[in-house]
Amino acid sequence: MLRKLSKEQITEDRHLHDMWCRNEPGGKCINWSHSDLTGADLAGANLTDANLIDVNLYRANLTDAYLIDVNLTGANLDGANLEGANLTDAYLTGAAYRDWE
């Protein structure tokens with residue numbers, strides 16, 4: 001069963017992740033594994049090294065997102081907007097993606 005994250009939780013997690021990426025105290029790497037992020041607006045998000053195993057990103061906006069070294073194993077990316085997203089060294093084993101208009 002996937003857990004649904006609120007917009008507030010997503011915003012807070014992104015803030016803590018940015019801190020973690022800058023090695024600031026209190027920062028924390030995102031772990032959204034087994035989460036439902038259907039339609040989430042993650043445009044420009046820095047998700048470097050995040051754990052997104054089995055996440056549902058159906059129709060999510062990932063425009064210009066940094067997905068470097070992200071673990072997207074088993075993720076559903078159907079209909080997600082990946083325009084300009086950086087997927088360098090991302091783990092995509094078993095991930096699904098269909099570009100739906």
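**How many helices and strands does the protein chain have?**

The protein chain has one helix and two strands. Here helices (H or I, at least four residues) and strands (E, at least two) are DSSP runs, numbered from the N terminus. Read from the N terminus on, the order is β-α-β.

Before the other exercises, some ground rules. This is a predicted model, where local features need pLDDT of at least 70, side-chain atom pairs count only at pLDDT 80 or more, and totals for chains, interfaces and linings use all residues. Residues are numbered from 1 along each chain as its sequence is written, and side-chain values use heavy atoms, with hydrogens and water left out.

**Exercise 1. Check the overall build of the protein chain against the globule rule.**

Step one: get the expected value. The rule is 2.2 Å times the number of residues to the power 0.38, with the radius of gyration taken over C-alpha atoms. With 101 residues, a compact globule would come out near 13 Å; the protein chain has 12 Å, so the two agree.

Step two: look at the extent. The C-alpha trace spans about 40 × 30 × 20 Å along its principal axes.

Step three: look at burial. Buried means under 20% relative accessible area, exposed means over 50%, and partly exposed is in between (1.4 Å probe, protein chains only). Of the 101 residues, 36% count as buried.

Step four: look at contacts, meaning heavy atoms within 4.5 Å. Among those between residues at least 6 apart in sequence, 19% join residues at least 24 apart.

**Exercise 2. Describe the largest pocket and its lining.**

Start with the idea: rolling a probe the size of a water molecule over the atoms shows where empty space is left. On a 1 Å grid over the protein atoms alone, using a 1.4 Å probe, a pocket is an open set of points with protein on both sides within 12 Å along at least five of seven lines; lining residues have an atom within 4 Å of a point. Grid points are joined across faces, edges and corners, and a volume is the space filled by probe spheres set on the points.

Now the numbers. The largest pocket holds about 210 Å³ of space. It is lined by 14 residues, and the closest to its centre are Lys 7, Ile 10, Gly 39, Ala 40 and Asp 41. Helix H1 (residues 7-21) gives the most to this lining, with four residues.

Finally, sort the lining by class: five nonpolar, four polar and five charged residues. In this scheme Ala, Val, Leu, Ile, Met, Phe, Trp, Tyr, Cys and Pro are nonpolar, Asp, Glu, Lys and Arg are charged, and the others, Gly among them, are polar.

**Exercise 3. Is His 17 buried or exposed, and what does it touch?**

First, find it: His 17 sits in helix H1. Next, its accessibility: at a relative accessible area of 0%, His 17 is buried. Then its neighbours: not counting residues up to four places away in sequence, His 17 touches Lys 28, Cys 29, Ile 30, Asn 46, Leu 47, Thr 48 and Ala 50. One of these gets a closer look, as the side chain of His 17 reaches the backbone oxygen of Thr 48 at 2.8 Å. That pair falls under polar contacts (N or O atoms within 3.5 Å; within protein, one must be able to donate a hydrogen and the other to accept it, and residues adjacent in sequence count only if both atoms are side-chain atoms).

**Exercise 4. Follow Ser 35 to its partners.**

Ser 35 lies in strand E2 and is buried, with a relative accessible area of 0%. Leaving out residues up to four places away in sequence, Ser 35 touches Leu 2, Arg 3, Leu 5, Asp 54, Val 55 and Asn 56. Take Leu 2: it is 33 residues from Ser 35 along the chain, yet their C-alpha atoms are separated by 4.8 Å. A polar atom of the Ser 35 side chain also lies 3.0 Å from the backbone oxygen of Trp 32.

**Exercise 5. Pick out what is unusual about the phi of Asn 23 and His 34.**

Most residues other than glycine have a negative phi. Asn 23 has a positive phi near 60°, and His 34 has a positive phi of about 60°. Asn 23 lies in the loop between H1 and E2, and His 34 lies in the loop between H1 and E2 too. Asn 23 is exposed, at 71% relative accessible area, whereas His 34 is partly exposed, at 39%.
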